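Grab a pencil and open the viewer. Here are a few exercises to work through, each with its solution.

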Amino acid sequence: MLFVEESIGVKDAARIPGQRTQLPLDSAVMYTEERHWDVFPGTWLEAAGGAETCSCGQPECTAPGAHPAGDGWATEATGSGATARRLWARQPMASVLLPTGRAFDVLDVPESAGFLALARMERMELPLGPVVRTPDRRMLFFVLPGGAAKAAGLVRALGWSPTAIDLVSRGEGHYVAAPPTRIGGMGAVQWARRPTRANRWLPDADEMISPLAYACGQEARMS
């Protein structure tokens with residue numbers, strides 16, 4: 001299955017184009033076979049008393065239905081479509097989680113800053129990888145592995161503090177939730193910019209940091 005490329009400007013921040021819903025298993029297999037990404041199943045949502053709760057059973061869970069089910073997730077993650085089918089056969093509604101620091105790292109920014117940066121990067125005709133939009137109003141920009149380790153230094157070189165502008169880098173030892181994972185009652189993780197053949201080769205963090213830091217800095221000033 002191939003995705004059709006989409007790009008979204010700032011004015012479209014409140015409305016992502018309709019995306020066909022896929023089963024977690026189908027998405028997990030697609031990520032392994034078409035993108036060669038490692039995947040692993042996380043927790044899932046369960047109906048209880050008219051509400052949805054996380055399968056972990058913790059009433060104060062901060063990411064209901066969208067976090068690892070145990071401590072061994074790093075070794076459980078697989079790049080095999082056949083293994084992914086077996087893992088999701090045990091629990092078909094388990095979330096689809098992707099370990100960072102392997103096939104890609106992630107630069108995680110506030111949603112409004114992300115849309116501003118995305119529009120600017122498109123005008124500059126910068127190479128872009130996939131971009132995720134989460135229901136808690138974050139945007140995740142996929143970059144080459146190793147980007148997370150140098151992101152903070154690149155931001156400081158531009159005169160910003162990563163913490164002050166809320167630019168978070170995720171590399172080895174971290175993970176992100178991938179579409180169609182649903183997070184509690186907030187909604188589903190979606191692609192703001194889908195994986196396609198055109199963006200199979202990811203950009204380096206060096207190419208992304210300047211527009212992302214600028215947009216995050218503008219957002220921080222207004223908040």
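Below come the ground rules, then three exercises on the chain and its strands.

**Ground rules.** This is a predicted model, where local features need pLDDT of at least 70 and side-chain atom pairs count only at pLDDT 80 or more, while totals for chains, interfaces and linings use all residues. Residues are numbered from 1 along each chain as its sequence is written, and side-chain values use heavy atoms, with hydrogens and water left out.

**Exercise 1.** Take stock of the chain as a whole: how many helices and strands does the chain have, and what is its radius of gyration?

*Solution.*
- Step 1: Count the DSSP runs (helices are H or I, at least four residues; strands are E, at least two; both are numbered from the N terminus). You get six helices and twelve strands.
- Step 2: Take the radius of gyration over C-alpha atoms, and for the globule rule use 2.2 Å times the number of residues to the power 0.38. The chain comes out at 17 Å, close to the 17 Å that the rule gives for 223 residues, so it is as compact as a globular protein of that length.
- Step 3: Check the spans: the C-alpha trace runs about 45 × 35 × 35 Å along its principal axes.
- Step 4: Look at contacts (heavy atoms within 4.5 Å). Among those between residues at least 6 apart in sequence, 80% join residues at least 24 apart.

**Exercise 2.** Sort out the open sheet of three strands: what is the strand order, and which are the edge strands?

*Solution.*
- Step 1: Pair up strands, asking for at least two DSSP bridges between them. The order is β1-β4-β9, with antiparallel pairing.
- Step 2: Find the strands that pair on one side only: these are β1 (40-41) and β9 (175-177).
- Step 3: Zoom in on β1 and β4 (residues 96-99), which share two bridges. Proline 41 has valine 96 of β4 as its bridge partner.

**Exercise 3.** Now for β5: how many of its residues are buried, and which strands do its bridges join it to?

*Solution.*
- Step 1: Apply the burial cut-off (under 20% relative accessible area, with a 1.4 Å probe and protein chains only). In β5 (residues 105-110), six of six residues are buried; for the chain, 48% of the 223 residues count as buried.
- Step 2: Follow the six bridges to β7 (residues 138-143), an antiparallel partner. Here valine 109 stands opposite methionine 139.
- Step 3: Follow three bridges to β8 (residues 168-170), also antiparallel. There, valine 106 stands opposite arginine 170.

Definitions and conventions. Buried means under 20% relative accessible area, exposed over 50%, partly exposed in between (1.4 Å probe, protein chains only).
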